[in-house]
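Q: I have a structure open here and would like to talk it through with you. Could we take it piece by piece?

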Amino acid sequence: MTRRTRLPAAGGAALILVAGAGVAAAVGFGGGSGDRSAEARTAAPGSAAVTRQTLADARTVDGELGHGPSRTATSRLPGTLTTLPDAGTTVARGKALYAVDNDPVVLFYGRLPAYRTLQPGAEGSDVRQVERNLEALGYSGFTVDDEYTWATAEAVRAWQDDLGVPETGRVELGRVMFADGAVRVEGHQLDVGAAIQPGQAVLTYTGTSRLVTAELDIDDQRLAEPGTTVRVTLPDGRRVTGKVDTVETVIHSGSADAGGDTSAETRIEVTVAVDDQKALAEFDRASAEITFTVSERADVLTVPVAALLALAEGGYGVEVLDEGSSRIVAVTTGLFADGRVEVTGDGIVEGTTVGVPR
């Protein structure tokens with residue numbers, strides 16, 4: 001009687017490990033003739049049809065629906081904190097984020113943090129960044145470039161006049177704070193009236209769009225390349241499409257052990273942007289699931305993983321059932337996902353019936 005070993009239903013990784021460990025010969029083809037369509041003497045107790053489908057290997061992780069990672073606004077000015085916006089307030093370009101000694105600290109858009117006072121003679125990308133903001137706010141008479149000229153200073157004086165601060169023609173360090181775009185005030189680190197020093201945290205903020213944030217193990221960074229399309233499952237079960245917006249490495253400090261050592265854990269923080277903001281409007285902070293598609297094969301033939309037989313000659317086969325008889329057909333496997341496996345083989349077509357254990 002022909003011997004065969006049927007593999008248990010499992011994910012692709014588990015299946016490969018079993019095969020790599022040296023699975024016993026599952027099916028012989030009789031007398032070493034190599035006839036891969038030789039009729040087997042007994043049929044499998046169950047059956048399934050070969051189906052054509054899109055097979056996707058996906059990974060789902062828990063995420064949090066909110067406004068994305070929180071950032072901290074730190075003062076570069078000494079003085080007294082005289083104004084703070086309420087939590088939940090949106091602050092756009094040119095508006096005050098808070099005030100020190102009753103003079104506003106203004107939000108500008110840009111990625112480069114302010115790190116020096118700008119005045120005539122200064123050159124650099126930070127000059128261009130300030131000039132772009134002045135132009136966007138309607139000030140003119142200067143060229144947007146890397147040079148802080150007297151024309152730039154005149155535009156700055158006009159801006160300072162509108163703010164109600166001394167018209168120095170200089171952009172003092174701490175007068176503006178840069179962010180990627182409009183921000184939403186999340187919380188306060190100080191109360192109005194507090195004395196502050198340079199380097200002291202004033203408030204926390206986020207972006208204004210609702211996002212989904214999740215953390216991955218460092219080994220799973222490959223799942224989340226910026227621009228990758230993902231599926232987000234909302235708390236009410238609805239599914240929306242999103243794209244990976246940012247991927248950052250974060251380090252969480254651990255607690256000290258008995259020996260006094262403090263371990264730290266490195267994680268990958270992934271932020272997913274969702275185009276359909278209306279679908280997220282009713283949620284402030286809530287749990288959500290993000291599904292990353294690791295790989296995908298469209299329009300392929302698949303069978304249950306449990307239908308695979310390990311062949312004595314190596315590789316895999318399936319038991320094809322046809323009008324009361326059965327035969328073993330060697331197959332080439334492809335993607336494993338969701339308990340099914342992509343297969344190709346002689347005579348394997350959509351609708352072919354294969355044996356599986358009950």
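Q: Which order do the four strands of the open sheet follow, and is the pairing parallel or antiparallel?
A: In this predicted model, the open sheet is made of four strands in the order 4-12-10-6, and the pairing is antiparallel.

Q: And which are the edge strands there?
A: Strand 4 and strand 6, the latter covering residues 90–91, are the edge strands, since each of them pairs on one side only.

Q: How many bridges join strand 4 to strand 12?
A: Four bridges join strand 4 to strand 12, with the two strands running antiparallel, and Arg 71 has Tyr 205 in strand 12 as its bridge partner.

Q: Switching to pockets, what is the volume of the largest pocket, and which residues lie nearest its centre?
A: The largest pocket has a volume of about 870 Å³. It is lined by 34 residues, and those nearest its centre are Arg 71, Phe 178, Ala 179, Asp 180 and Tyr 205, so the bridge partners Arg 71 and Tyr 205 from the open sheet turn up again here.

Q: Which strands supply at least two residues each to that lining?
A: Strand 4 (71–74), strand 9 (176–179), strand 12 (201–207) and strand 15 (239–256) each supply at least two residues of the lining of the largest pocket. In terms of domains, the lining draws at least three residues from domain 2 (59–67 + 209–295) and at least three from domain 3 (75–206).

Q: How do the lining residues divide into nonpolar, polar and charged?
A: For the largest pocket, the lining divides into 14 nonpolar, 14 polar and six charged residues.

Q: Strand 9 caught my eye; which way do its residues point, and are they buried or exposed?
A: Val 176 and Phe 178 point one way from strand 9, whereas Met 177 and Ala 179 point the other way, and all of them are buried. As a general matter, side chains in a regular strand alternate between the two faces of the sheet.

Q: In which sense does strand 9 pair with strand 8?
A: Strand 8 and strand 9 pair in the parallel sense over four bridges, and the bridge partner of Tyr 109 in strand 9 is Ala 179.

Q: How many aromatic pairs does a search of the whole structure find?
A: The search finds two aromatic pairs. Phe 108 and Trp 159 form a tilted one, at 5.4 Å centre to centre with 45° between the planes. Phe 108 lies in strand 8 (residues 103–109) and Trp 159 in helix 3 (residues 150–163), so this pair ties together parts that are 51 residues apart in sequence.

Q: Are those two rings' residues buried or exposed, and which residues form the aromatic cluster?
A: Phe 108 counts as buried because its relative accessibility is 0%, and Trp 159 counts as buried because its value is 3%. Together with Phe 178, these two residues form one aromatic cluster.

Q: What about closed space: how many cavities of 30 Å³ or more are found?
A: One cavity of 30 Å³ or more is found in the whole structure, and the largest cavity has a volume of about 80 Å³. Its lining has 14 residues, of which Ala 114, Tyr 115, Arg 116, Leu 118 and Phe 178 lie nearest the centre.

Q: Which elements supply at least two residues each to the cavity lining?
A: Helix 2 (125–136) and strand 9 each do so, and by class the lining of the largest cavity has nine nonpolar, one polar and four charged residues.

Note on methods:
Residues are numbered from 1 along each chain as its sequence is written. This is a predicted model: local features need pLDDT of at least 70, side-chain atom pairs count only at pLDDT 80 or more; totals for chains, interfaces and linings use all residues. Side-chain values use heavy atoms; hydrogens and water are left out. On a 1 Å grid over the protein atoms alone, a cavity is a set of points where a 1.4 Å probe fits but cannot get out, and a pocket is an open set with protein on both sides within 12 Å along at least five of seven lines; lining residues have an atom within 4 Å of a point. Grid points are joined across faces, edges and corners, and a volume is the space filled by probe spheres set on the points. Ala, Val, Leu, Ile, Met, Phe, Trp, Tyr, Cys and Pro count as nonpolar, Asp, Glu, Lys and Arg as charged, and the others, Gly among them, as polar. Domain bounds come from an automatic or database domain assignment. Rings of Phe, Tyr and Trp (its six-membered ring) pair if their centres lie within 6.5 Å; planes under 30 degrees apart count as stacked, over 60 as edge-to-face and the rest as tilted. Buried means under 20% relative accessible area, exposed over 50%, partly exposed in between (1.4 Å probe, protein chains only). Two strands pair if DSSP finds at least two bridges between them.
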